[in-house]
Amino acid sequence: MPPPSETASQNTPLAPSVEKAYYRKCIQLKRRLNEVEGANEELKIRRVRLDRSIMKMRLERAFLLDELRKRMDQNIDGSEASEDERTASKATTGPSAPRQTPPPRQS
């Protein structure tokens, strides 16, 4: 014996116009589903590309920071520093002059 839902649908056939409307709606929904799946696939591909480019930029940044750190270490030793850099570093590390405060205002 078939389930009650199948017997109910067999006993109440739809009008041909309603069946055609359902059929058209089904076709529209299938088209829309295909469009959404296609757009989803395109976005997945785009995301993978963006993730790769982000990873590449992170590696490049790490490399550049490492190179900068190496060069800064060489300058601290004084082997590669220019005259301007040496005088600037002496000025910042030397004793600082006391600040002069302006005289208090008289009212």
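1. A helix here is a DSSP run of at least four residues, and a strand is a run of at least two, with numbering from the N terminus. On that basis the protein has three helices and zero strands. Reading from the N terminus, the order of elements is α-α-α. Please keep in mind as you look around that this is a predicted model.

2. A word on confidence may help you decide where to look. The mean pLDDT of the protein is 80, and 60% of the residues reach at least 70. Among the elements, helix 2 has the highest mean value, 94, whereas helix 1 (residues 4-11) has the lowest, 54. Most of the points below concern helix 2, which covers residues 16-77.

3. Next, how much of the chain is buried? Of the 107 residues, 1% count as buried. The accessible surface of the protein comes to about 10900 Å², and carbon and sulfur atoms supply 56% of that area.

4. There is one record-based label to place on the model. An unreviewed UniProt entry annotates residues 26-53 as "coiled-coil region". In the model this span is 100% helix and 0% strand, and its end C-alpha atoms are 41 Å apart. As a reminder, the annotation may be inferred rather than shown by experiment.

5. Turning to the surface, you can find a nonpolar patch formed by Leu 14, Val 18 and Tyr 22, with an area of about 280 Å². Tyr 22 belongs to helix 2. Its relative accessible area is 53%, so Tyr 22 is classed as exposed, the cut-off being over 50%.

6. How many salt bridges does a search of the whole structure find? The search gives six. Three of the pairs are worth visiting one at a time in the points that follow.

7. Start with Glu 41 and Lys 44, whose side chains meet in a salt bridge with an N to O distance of 3.8 Å. Why are these two separated by about one helical turn? Because they sit three residues apart in helix 2. Lys 44 is partly exposed at 46% relative accessible area, and Glu 41 is also partly exposed, at 40%.

8. Further along helix 2 come Arg 47 and Asp 51, four residues apart, or about one turn of the helix. Their side chains form a salt bridge at 4.0 Å, N to O. Here the two partners fall into separate classes: Arg 47 is exposed, with 57% relative accessible area, while Asp 51 is partly exposed at 39%.

9. The third pair is Asp 66 and Lys 70, with 3.7 Å between the closest N and O atoms of their salt bridge. Because they are four residues apart in helix 2, about one helical turn separates Asp 66 from Lys 70. Both count as partly exposed: the relative accessible area is 31% for Asp 66 and 44% for Lys 70.

10. Finally, do look at what surrounds that last pair. Which residues are linked in a network of salt bridges? The network joins Asp 66 and Lys 70 with Glu 67 and Arg 69. When you come back to these contacts, remember that helix 2, which holds Asp 66 and Lys 70, is the element with the highest mean pLDDT.

Key. Residues numbered from 1 in each chain as written. Heavy atoms only, no water. Patch = residues over 30% accessible without salt bridge, like charges linked within 9 Å, V, L, I, M, F, W, Y side chains within 5 Å. Areas by Shrake-Rupley, 256 points an atom, 1.4 Å probe, with all protein chains shown as cover. Buried < 20%, exposed > 50% of the residue type's maximum accessible area, 1.4 Å probe, protein only. pLDDT = per-residue confidence, 0-100.
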